[in-house]
Amino acid sequence: MIHKKYLSFLIVFIMIATMCLSGCSGKTELTKIQVMEVTHSVFYAPHYIAVTEGFFEEEGLKVEIIDGKGADKTMAALLSNQVEIGFMGPEASIYVYNQGKEDYAINFAQLTQRDGSFIVAREPNPNFKLEDLRGKELLGGRKGGMPNMTLEYVLKKNGLVPGKDLNVRTDIQFDVMAGAFAGGEGDYTTLFEPVASLMEKEGKGFVVASVGEESGYIPYTAYSAKKSYIEKNPDIIQKFSNAIYKGMLWVEKHSAEEIAKSLQPHFPDADLDVLTNVADRYRSIGAWAPDLIMTEEGLNRLQDVMTEAGELNQRVPYDKVVTTKFAEEAMKNK
C-alpha cells in the first residue's frame, strides 16, 4: 500500500518537474530576427532603446542589429534574404520598385522625420551661415543616398548650386567620411552622431549647422521588409512595430541623460556626457517622428527631393511602397 502511494507520488512529482522545466520559468522561446541598419547612430535612439529596455523581448522577439554601412548595402541584404528587416531611407524602396522587381520592399514603420546629419567644419564658428560654403569643398556622402540628396536640397534652397557654387564630393563612402575629413579631405563634411561629437571632443572637427533643421520634415528613415515576408509573417512585423513604438514613447517621456544611459551599451566608445549632448541635440531639431506612420504627403515630399537631385524619373504610388496597418495597430494598443 505504502509502495503504491510512493509510486503515485513519484509519478506526479516527475510530471510537475517536467512541466516546470518547459514552462514554469515563465519564459517562452523568442523568435530570432536580423535587422540591418543603414548606419550606427544615436539618430536612431528609439531603435536601440527598444533593445535595452526589453521591448522586443516583451513582444517575443530576439533582435540582432547589423550595421549595413549604407542604404545600398542594406537593401541588397534585404532583397537577398540575408536579413528579415531593413532600416534605411525610404528612397531605397522607391529605387527597387522602379526597377520592376515583383518582390519589392515595403515600408511599414517610420522612425525619423528629419535629416540626421550635421555640417562639420575644421574650426569652431558660432556665426556660421550656409553662404560660408560658397567656393568650398564639402564631403556629402553617396550619390543617390538620402544624406547627399537632402544636403543638396538644402543648399539649392539657400542659393548654392552644387558643382557651380561649391564642390560637393560624393566619391567617399559614408562610413569613412570622418576619417577622410580628419586626414585632410575637404573643407567641410557632413556627419551623423555620435561621430560628429566625438570629432569635436578630439578637436578634429566642429559642428556648425544641422542639415535636418534646414531641410524640414522628410520621412528620413523607416523599417521595411520584402512584400513576401510581410505577407507570410504579419505577426512578426506587428510585434516588431509594437516594440519600436514603445521605444519612441520611452524616448518622448525621458530626459536626455536617461536616454544616454539607455544608449550607452550600444555606443561603448562614447562617454555619457557626449551621448547626453547628442540626444539633446537630436531632440532639439525634432529628429524623431511622433508616431510610426509615413504619410502620403511625406512620401511625396521625399520624391520631390529625389526629383530635385536628379535621381527620380518616375514617381511611385504611395500604397505600393508603404503600409500603415501595422503602425496603426501598434499605436492603437499603447
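1. Let's start with a term you'll need: a residue is called buried when its relative accessible area is under 20%. Keep in mind that what you're looking at is a predicted model. By that cut-off, 52% of the 334 residues of the protein count as buried.

2. Now for the outside. The exposed surface of the protein comes to about 15,600 Å², and carbon and sulfur atoms supply 51% of that area. If you box in the C-alpha atoms along the principal axes, you get roughly 100 × 45 × 35 Å.

3. On to the secondary structure: count through the chain and you'll find 16 helices and ten strands. As for contacts, take those in the protein with a separation of 6 or more: 80% of them join residues 24 or more positions apart.

4. Next, the empty space inside. Rolling a probe the size of a water molecule over the atoms shows where such space is left. How many cavities of 30 Å³ or more does the count come to? Just one, and the largest cavity holds about 200 Å³ of space. It is lined by 19 residues, and the closest to its centre are Val38, Gly70, Ala71, Pro147 and Phe174.

5. Which helices each supply at least two residues of that lining? They are helix H4 (71-79) and helix H6 (146-157), so have a look at both when you open the model.

6. Finally, the chemistry of the lining of the largest cavity: eight of its residues are nonpolar, seven are polar and four are charged. When you sort them yourself, remember that Gly goes with the polar ones here.

Methods: Residues numbered from 1 in each chain as written. Predicted model: local features only at pLDDT ≥ 70, side-chain atom pairs only at ≥ 80, totals over all residues. Heavy atoms only, no water. 1 Å grid on protein atoms, 1.4 Å probe; cavity = no way out; pocket = protein on both sides within 12 Å on 5 of 7 lines; lining within 4 Å. Points joined across faces, edges and corners; volume = space filled by probe spheres on them. Helix = DSSP H or I, 4+ residues; strand = E, 2+ residues; numbered from the N terminus. Buried < 20%, exposed > 50% of the residue type's maximum accessible area, 1.4 Å probe, protein only. Contact = heavy atoms within 4.5 Å. Areas by Shrake-Rupley, 256 points an atom, 1.4 Å probe, with all protein chains shown as cover.
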